[in-house]
Amino acid sequence: MRPDSSDRIALRGLTVRGFHGVFDFERREGQDFVIDVDLELDLRPAAASDDVKDTVHYGELAEGLAAVVSGEPVDLIETLAQRLADVCLADERVRAATVTVHKPHAPIPLQFADVAVVIRRERS
């Protein structure tokens with residue numbers, strides 16, 4: 001049976017302090033990053049069993065993502081997004097993950113609402 005490609009788990013607005021960026025002051029002072037993820041997977045087994053072991057535990061997912069954001073600094077949020085996608089795809093049930101890394105306090109000398117990188121990675 002073909003898995004339903006419309007099944008998703010979404011986690012929005014995970015806010016974690018990180019020390020990422022190309023400037024020394026970003027690495028020194030840090031800033032909040034906001035993470036959104038969408039996981040594509042078949043949710044029928046979890047719906048049938050009503051058991052968390054049959055799905056991605058979003059609390060554990062959030063902890064894993066937060067550990068990456070608060071962990072080893074990188075220059076680019078593109079690199080950070082890839083590392084977060086790797087966390088999402090570590091669960092074999094996840095067929096694809098879309099990761100958005102928002103950097104709302106990016107050092108841009110103009111007024112702006114948000115800057116973000118969005119990537120989508122599929123299991124090969």
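Buried means under 20% relative accessible area, exposed means over 50%, and partly exposed lies in between (1.4 Å probe, protein chains only). Helices (H or I, at least four residues) and strands (E, at least two) are DSSP runs numbered from the N terminus. The structure is a predicted model, in which local features need pLDDT of at least 70 and side-chain atom pairs count only at pLDDT 80 or more, whereas totals for chains, interfaces and linings use all residues. Residues are numbered from 1 along each chain as its sequence is written, and side-chain values use heavy atoms, with hydrogens and water left out.

**Exercise 1. Strand β3**

Determine how many residues of strand β3 (residues 96-102) are buried, and sort them by face.

Solution.
Step 1. Seven of the seven residues of β3 are buried, and the strand is thus mostly covered.
Step 2. In a regular strand, side chains alternate between the two faces of the sheet.
Step 3. One side of β3 carries Ala-96, Thr-98, Thr-100 and His-102, and the other carries Ala-97, Val-99 and Val-101. Both faces are covered.

**Exercise 2. The sheet around β3**

Establish the strand order of the sheet and identify the strands at its edges.

Solution.
Step 1. Two strands pair if DSSP finds at least two bridges between them. Strand β2 (residues 31-40) is joined to β3 by seven bridges, and the two run antiparallel. Seven bridges also connect β3 with strand β4 (residues 116-122), again in the antiparallel sense.
Step 2. Individual partners can be located on β3. Asp-36 stands opposite Thr-100, Glu-40 has Ala-96 as its bridge partner, and Ala-96 also stands opposite Glu-122 in β4.
Step 3. The four strands form an open sheet in the order β1-β2-β3-β4, with antiparallel pairing. Because β1 (8-18) and β4 each have a single partner strand, they stand at the edges, and one side of each is left without a neighbour in the sheet.
Step 4. On average, neighbouring strands of this sheet are turned by 15 degrees against each other, direction ignored. Axes are lines fitted to C-alpha atoms, for helices over the stretch in contact, and angles run from 0 to 180 degrees between N-to-C directions.

**Exercise 3. Helices on the sheet**

Describe how helices α3 and α4 lie relative to the strands, and state what covers the buried residues of α4.

Solution.
Step 1. Helix α3 (residues 58-69) lies across β1 and β2 and runs at about 35 degrees to β1.
Step 2. Helix α4 (residues 77-89) packs on the sheet and touches β2, β3 and β4, its direction making about 145 degrees with that of β3. Contact here means heavy atoms within 4.5 Å.
Step 3. The buried residues in α4 are Ile-77, Leu-80, Ala-81, Leu-84, Ala-85, Cys-88 and Leu-89. Their cover includes β2, α3, β3 and β4.
Step 4. The expected span of a helix is 1.5 Å times one less than its number of residues. For the 13 residues of α4 this gives 18 Å, and the end C-alpha atoms are 18 Å apart, which agrees.

**Exercise 4. Salt bridges**

Give the number of salt bridges and trace the network that contains Glu-40.

Solution.
Step 1. A salt bridge is a side-chain nitrogen of Lys or Arg within 4 Å of a carboxyl oxygen of Asp or Glu. By this rule there are 13 salt bridges.
Step 2. Glu-40 forms a salt bridge with Arg-8, with the closest N and O atoms 3.9 Å apart. This pair links distant parts of the chain, since Glu-40 belongs to strand β2 and Arg-8 to strand β1, 32 residues apart.
Step 3. Glu-40 counts as buried because its relative accessibility is 9%, while Arg-8, at 43%, counts as partly exposed.
Step 4. Glu-122 forms a salt bridge with Arg-120, the closest N and O atoms being 2.5 Å apart. Glu-122 is exposed, with a relative accessible area of 53%, and Arg-120 is partly exposed at 38% relative accessibility.
Step 5. Arg-8, Glu-40, Arg-120 and Glu-122 are linked in a network of salt bridges.

**Exercise 5. The aromatic pair**

Classify the aromatic pair found in the whole structure.

Solution.
Step 1. Rings of Phe, Tyr and Trp (its six-membered ring) pair if their centres lie within 6.5 Å; planes under 30 degrees apart count as stacked, over 60 as edge-to-face and the rest as tilted.
Step 2. The search finds one aromatic pair. The ring centres of Phe-23 and Phe-25 are 5.6 Å apart and their planes are at 10 degrees, so the pair is stacked.
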